[in-house]
Amino acid sequence: MAVLEVRKLQKSFGKTSVLEDVSFSLSKGQCLAIIGSSGSGKTTLLRCLNFLERADGGQILLGGETLFDAAAPKPDPEREIRKKRLHFGLVFQNFNLFPQYTALENVTLARRLAAKERGEGKQAFPRIEEKGKRLLTQVGLAHRMDSYPHQLSGGQQQRVAIARALAGEPDILCFDEPTSALDPELTGEVLKVIRSLRARETTMIIVTHEIRFARDVADYVILMDEGRIVEEGPPSQVIDAPQAERTRRFLERYSE
């Protein structure tokens, strides 16, 4: 059974259509890579899945439960949207860490605030901190827990961001061009962490320009263009033997 089903998702900004009838499914433990030129709708798709944007049409289902239906009589209240957002973890292009907090504090902050909101009080904080330490160790930053973002390299900051997303125990972990803000020599350390998550069968959606990486790590690849899915299938088809002319042109231009 698919853990995620996206049905005919549509999104426009003014008169500009950004997503048009985007549909796909993702099974538990699978990794989906989304590729395509800038402006093809990839980031907007992730933002709709994470409820940072509200789609104009379509449905989003998780585990058979409808999280979003554009045909619903009225939008969900903000409190309900925040609850639904917890199903997804999003790692942004530019880290988005709080500069005034250490690596460990960045990882644990959301969980601490949630514990306070649930009335659990400070008794939950040691457990939250211990989990944060485990996650930072998992991404290779056991020695930088007390460092502030400005004391970390770009690759290290992105690994903190990955640990922060994992701290929420999301059903699906989403990456929006996770290496685009990094120097080439720092890209490898982030991709190594994502590969380790793939080995743990973490369910992931990765928007990426790293075509070789997408081929190696993804179970399924989607090529988007002008808000539509042009081609989809396993990497051996979409990347190595594309059927659509648009896909071939994109891959040829990328390899130049």
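Author: Two strands pair if DSSP finds at least two bridges between them, strands (E, at least two residues) and helices (H or I, at least four) being DSSP runs numbered from the N terminus. This model is predicted, with local features needing pLDDT of at least 70 and side-chain atom pairs pLDDT 80 or more, while totals for chains, interfaces and linings use all residues. Residues are numbered from 1 along each chain as its sequence is written, and side-chain values use heavy atoms, without hydrogens and water.

Reader: Which strands stand at the edges of the open sheet of four strands?

Author: The order is E2-E1-E4-E5, with antiparallel pairing. Two strands have a single partner each, so one side of each lacks a neighbour in the sheet: E2 (16-27) and E5 (65-69).

Reader: Which residue in E2 stands opposite Leu4?

Author: Strand E1 (residues 2-13) and E2 pair in the antiparallel sense over eight bridges. Opposite Leu4, in E2, stands Leu26.

Reader: What angle does the direction of helix H1 make with that of E2?

Author: Helix H1 (residues 42-49) packs on the sheet, touching E1, E2 and E4 (57-62). Axes are lines fitted to C-alpha atoms, for helices over the stretch in contact (heavy atoms within 4.5 Å). Angles run from 0 to 180 degrees between N-to-C directions, and here the value is about 65 degrees.

Reader: Which helix gives the most to the largest nonpolar core?

Author: Such a core joins buried (under 20% relative accessible area, 1.4 Å probe, protein chains only) Ala, Val, Leu, Ile, Met, Phe, Trp, Tyr and Cys residues through side-chain atoms within 4.5 Å. Of its 44 residues, Leu136, Ile162, Phe175 and Ile194 touch the most other members. Seven residues come from residues 154-167, helix H5.

Key
Buried means under 20% relative accessible area, exposed over 50%, partly exposed in between (1.4 Å probe, protein chains only).
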